[in-house]
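Hello,

Here is the structure I promised to pass on to you. Have a look at it first, and then read on for my notes on what turned up.

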Amino acid sequence: MKKLLFTPGPLSTSQTVKAAAMEDIGSRDALFVDAVKQIREELLTLGQVSKEEGYETVLMQGSGTFGVESVISSVIGENDHLLVLSNGAYGERIVKMCSIHKLPHTILRFEEDEITDPAAVRHLLEQQPHITHVACIHSETTTGLFNPIEAIGAICAELGKTFIVDAMSSFGGVALDIRKAHIQYLVSSSNKCIEGIPGFAFIIAEKQALLTTKGQARSLSLDLYEQWQGLEANGQFRFTPPTLSIMAFRQALQELREEGGIPAREARYRKNKATLDKGMEALGFKQYLRPEIQGHIITSFLYPNDPSFHFEQFYQQLSDRNFVIYPGKLSKTNAFRIGNIGQIFPADVAALVQAISEIMQKQTAHA
Ligand SMILES: *Cc1c(COP(=O)(O)O)cnc(C)c1O
């Protein structure tokens with residue numbers, strides 16, 4: 001029996017998405033070049049923007065982090081200054097990129113169980129007018145909270161700052177209008193809510209912003225501007241493209257359309273989340289975040305107050321039953337995570353909860 005992944009990615013994908021990656025294809029084949037073109041256009045549509053409105057899509061080989069690093073290391077110029085908003089491991093990952101690439105930056109941190117406060121962002125930007133760029137995580141996968149990117153984007157627009165959003169674990173699973181959110185650079189990847197297989201990241205960017213970044217990159221392979229220029233010139237990647245992952249992604253986009261687009265997918269993920277919440281509450285599990293700031297992508301559950309609970313055992317017993325969950329990543333508290341995204345449905349979540357219930361009963365009986 002196949003394993004079901006209740007993780008932040010890579011995720012469970014459909015058989016037809018996997019099958020689309022089963023045939024060899026040349027990187028200069030018309031079918032492949034067409035797929036790249038179609039994907040670049042369709043991602044704009046999913047972000048509710050278009051080429052005519054001045055937006056571009058750049059595909060970048062590698063995992064999601066490669067996409068974020070491509071943006072961070074390419075768009076902050078020598079005389080620019082980046083404000084990193086951090087309330088979890090993914091914000092800290094951007095901080096690390098800044099230090100590796102020696103970028104001028106300032107960090108505004110919040111607790112892991114608090115969202116980024118737009119008023120604090122405004123205050124800091126007003127105090128430090130030399131800041132030119134702001135980076136924020138949308139769905140902070142460390143905990144599962146949603147940062148208020150629309151409110152932060154409005155402040156950036158008002159104060160003339162370039163806004164970079166890591167929407168890795170939310171794009172495709174949450175309705176988002178990139179223009180209305182005043183985002184200049186949005187990053188996500190092939191193996192999250194679009195439900196493709198791993199292989200590449202994508203960046204949706206405002207063309208006017210992108211045009212100013214020529215020659216600024218600190219890396220050859222992650223040069224965002226050159227990657228864009230390469231795709232524009234002949235529809236090709238500069239270096240070996242993730243051919244099979246692209247073909248799978250094209251199929252994943254078709255399946256997203258057939259499901260009813262982002263609104264339908266968001267509704268399914270929300271149903272998964274509601275099923276999980278209800279089931280886990282009945283079993284006595286407590287969530288790490290308060291519900292007002294919790295998103296519907298992934299949830300952190302505290303370890304139960306039971307000395308007989310051992311996460312590794314719990315994980316293995318679930319995995320033996322083909323349910324794969326995820327360890328926690330909190331700096332101060334022990335928790336594990338359960339994702340609601342990918343090819344999983346409310347009945348799968350109910351089956352997971354049932355398995356958890358049986359395992360917990362056994363553990364208690366043995367204790
Ligand atoms: C998954 C994820 C990433 C990228 O992780 P990779 O392992 O490089 O694919 C970045 N940011 C967030 C918020 C994520 O959820």
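I'll begin with the lysine that the UniProt record picks out: in an unreviewed entry, K192 is listed as a modified residue, N6-(pyridoxal phosphate)lysine. Please keep in mind that what you have is a predicted model.

Where does K192 lie? Its place is the loop between β9 (185–189) and β10 (200–206). Buried or exposed, then, for K192? With a relative accessibility of 11%, K192 falls under the 20% cut-off, so it counts as buried. Setting aside residues up to four places away in sequence, K192 touches P8, L11, M168 and S169.

The same kind of record also gives a domain. UniProt, again in an unreviewed entry, lists residues 18–298 as "Aminotransferase class V". In the model, that span is 42% helix and 16% strand, and its end C-alpha atoms lie 23 Å apart.

Next, a pair of helices. Helix α5 (residues 118–127) packs with helix α6 (residues 149–159) at an angle of about 20°, and their axes are 9 Å apart. An angle under 35 degrees counts as roughly parallel, and α5 and α6 are therefore roughly parallel to each other. Their crossing is right-handed. On the α5 side, the contact is made by P118, V121, R122, L125 and E126, while α6 brings A151, I152, I155, E158 and L159. Sorted by class, the contact of α5 with α6 has seven nonpolar and three charged residues, and no polar ones.

Two of those helix residues come up again around V134, which sits in strand β5 (residues 133–137). V134 touches L125 and I152, along with L82, L83, L85, C156, K161, T162, F163 and I164, not counting residues up to four places away in sequence. V134 has a relative accessibility of 0%, so it counts as buried. One of its partners deserves a line of its own: I164 is 30 residues from V134 in sequence, yet their C-alpha atoms are 6.0 Å apart in space.

Last comes Q236, in the loop between α8 (224–234) and α9 (243–259). Q236 counts as buried because its relative accessibility is 11%. Leaving out neighbours within four places in sequence, Q236 is in contact with S27, R28, V33, G230 and L231.

If you open the model at just one place, you could start with K192 and its contacts P8, L11, M168 and S169.

Best wishes

How values were computed
Residues are numbered from 1 along each chain as its sequence is written. This is a predicted model: local features need pLDDT of at least 70, side-chain atom pairs count only at pLDDT 80 or more; totals for chains, interfaces and linings use all residues. Side-chain values use heavy atoms; hydrogens and water are left out. UniProt positions are given in the numbering used here, feature names are shortened, and annotations may be inferred rather than shown by experiment. Helices (H or I, at least four residues) and strands (E, at least two) are DSSP runs, numbered from the N terminus. Buried means under 20% relative accessible area, exposed over 50%, partly exposed in between (1.4 Å probe, protein chains only). Contact means heavy atoms within 4.5 Å. Axes are lines fitted to C-alpha atoms, for helices over the stretch in contact, and angles run from 0 to 180 degrees between N-to-C directions. Angles under 35 degrees count as roughly parallel, over 145 as roughly antiparallel, 65 to 115 as roughly perpendicular and the rest as oblique. A crossing is left-handed if the near helix is turned anticlockwise from the far one by less than a right angle, and right-handed if clockwise. Ala, Val, Leu, Ile, Met, Phe, Trp, Tyr, Cys and Pro count as nonpolar, Asp, Glu, Lys and Arg as charged, and the others, Gly among them, as polar.
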